[in-house]
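User: Could you take one part of this model and give me a close look at it? I'd like its surroundings too, with the pockets, cavities and cores of the rest of the fold for context.

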Amino acid sequence: MKILRWLLLPFSLLYSLILTLRNLCYNKGWFTSTNFDLPIICVGNLSVGGTGKSPMIEYLVRLLQKDYQLAILSRGYKRKTSGFYELTGNETAKMVGDEPLQFKSKFDDIIVAVDEQRVRGVQTLLNLSHSPQVILLDDAFQHRKISPSFTILLTKHNELYVDDFVLPTGNLREPRSGVTRADIVVITKCPNNISNHDMRRVKDRLTGIAHDRIFFSAIQYDQSVFSSKGQTDLVKFVKTPFTLVTGIADPSSLINKLRTYLNDFEVLSFPDHHNFTARELAMLSSYSRILTTEKDFTRLNGYLAQGVELYYLPITSIILDDERTFNELITNHINEKRRI
């Protein structure tokens, strides 16, 4: 597969040139990028999938929800509907996308909406009677038609953007120079015990962003698993046989986490944002006890045979270095933007 991808290098070079010209047109103002008066915080990445955007959005919600009326705007990847839609929490993942439904299920008191056209989505949010004071844009780094007031770019610790190449040879959605549009870069999915030396080494390798705007984060797993009926201590849960089912870009960290408790469990992996077919749901219904991710739970809950115990293990994003500065950069920006 790697050989085939390198054979596609001419296509990558052409694609990279097209994207560079596109970004130049936006940077010069030759293409229109819409600005709004309220704080709009974009969370995105340079590469395709799996950098931890959802946990970072949830981190921002927890940071800001007590002080501001928040809205999350997403395109609703793989949803069957189109146009603007504000979630109530009673939708299915097929209607609105798995991640927006996850956000609404966890944070019922904030606005969660989907729209494939982000400018229209923001305009519609501002026209609501309960319009937000701050908008979080989920996965919109390459959506240049809208100009966020603050941008957080994510890159994985073991797959830094500086080590990657533009599609189809690599996994980058655009050239590495796109990092210059970021206000903050977060190195995600770091080891919890990452050393100061390793942090300095990574910072020295990243170009286009100041060292004091680079932060490191890790995934923290909950101590309990949850189902529609309640919660169970994780240590207790793994003592009874279960099957792990995932439909995320990279399930390796979850698998490794569970293997700290138990080595012998079956793993069924599906592609990221996978829409389970009737045949697959019937196959999964033959299992008596399933553990999955929170995102996959939104797509599986209610679709398996009665009697199947379906659980999920929540995760949160934690900042490993100077969390106070990270938080202040965001809150100070919001307060300054709202004073303009």
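Is Ser227 buried or exposed, and which residues beyond its sequence neighbours is Ser227 in contact with?

Analyst: Buried, though by a narrow count: this is a predicted model, and in it Ser227 has a relative accessibility of 19%, so Ser227 falls under the 20% cut-off for buried. Ser227 sits in strand β9, which covers residues 224-227. Setting aside anything within four places in sequence, Ser227 is in contact with Phe297, Leu310 and Tyr311.

Those partners are a good way into the surroundings. Leu310 turns up again at the second largest pocket, where it is among the residues closest to the centre, along with Ser228, Lys229, Val308 and Glu309. That pocket has a volume of about 330 Å³ and is lined by 18 residues. Strands β10 (230-233) and β14 (309-313) each supply at least two residues of this lining. By class, you get seven nonpolar, nine polar and two charged residues there.

Now for the largest pocket, at about 810 Å³. Its lining has 36 residues, and Gly50, Glu99, Ala249, Asp272 and Lys295 come closest to the centre. The elements giving two or more residues to the lining are α3 (53-64), α5 (98-106), β8, α9 (252-259), β13 (289-293) and α11. The class split is 11 nonpolar, 11 polar and 14 charged.

Helix α11 (294-300) also supplies at least two residues to the lining of the largest cavity, and so does α4 (93-96). There are four cavities of 30 Å³ or more in the structure, and the largest has a volume of about 90 Å³. Thr92, Ala93, Lys94, His274, Asn275, Phe276, Leu281, Thr298, Arg299 and Tyr303 form its lining, which comes to four nonpolar, four polar and two charged residues.

On to the nonpolar cores. The largest has 37 residues, with Ile135, Ile187 and Leu206 touching the most other members. Two or more residues each come from β1 (40-45), β2 (70-74), β4 (111-114), α6 (118-126), β5 (134-138), β7 (184-188), α7 (196-205) and β8 (214-221). Helix α6 gives the most, with three residues. A second, separate core has 33 residues, including Leu64, Leu87, Val134 and Phe215. Phe215 is also one of the residues in contact with Ile187 beyond its sequence neighbours; the others are Thr155, Lys156, His157, Leu160, Val202, Leu206, Ile214, Phe216 and Ser217. Strand β8 is worth a second glance, since it gives residues to the largest core as well as to the lining of the largest pocket.

One last check, on the cysteines. A search of the whole structure finds zero disulfides. Cys25 is a case in point: the nearest cysteine sulfur belongs to Cys42 and is 20 Å away, whereas a disulfide needs the two sulfurs within 2.5 Å. Cys25 is buried, like Ser227, with a relative accessible area of 16%. Cys190 counts as buried as well, at 6%.

Terms used. Residues are numbered from 1 along each chain as its sequence is written. This is a predicted model: local features need pLDDT of at least 70, side-chain atom pairs count only at pLDDT 80 or more; totals for chains, interfaces and linings use all residues. Side-chain values use heavy atoms; hydrogens and water are left out. A nonpolar core is a set of buried Ala, Val, Leu, Ile, Met, Phe, Trp, Tyr and Cys residues joined through side-chain atoms within 4.5 Å. Buried means under 20% relative accessible area, exposed over 50%, partly exposed in between (1.4 Å probe, protein chains only). Helices (H or I, at least four residues) and strands (E, at least two) are DSSP runs, numbered from the N terminus. Contact means heavy atoms within 4.5 Å. On a 1 Å grid over the protein atoms alone, a cavity is a set of points where a 1.4 Å probe fits but cannot get out, and a pocket is an open set with protein on both sides within 12 Å along at least five of seven lines; lining residues have an atom within 4 Å of a point. Grid points are joined across faces, edges and corners, and a volume is the space filled by probe spheres set on the points. Ala, Val, Leu, Ile, Met, Phe, Trp, Tyr, Cys and Pro count as nonpolar, Asp, Glu, Lys and Arg as charged, and the others, Gly among them, as polar.
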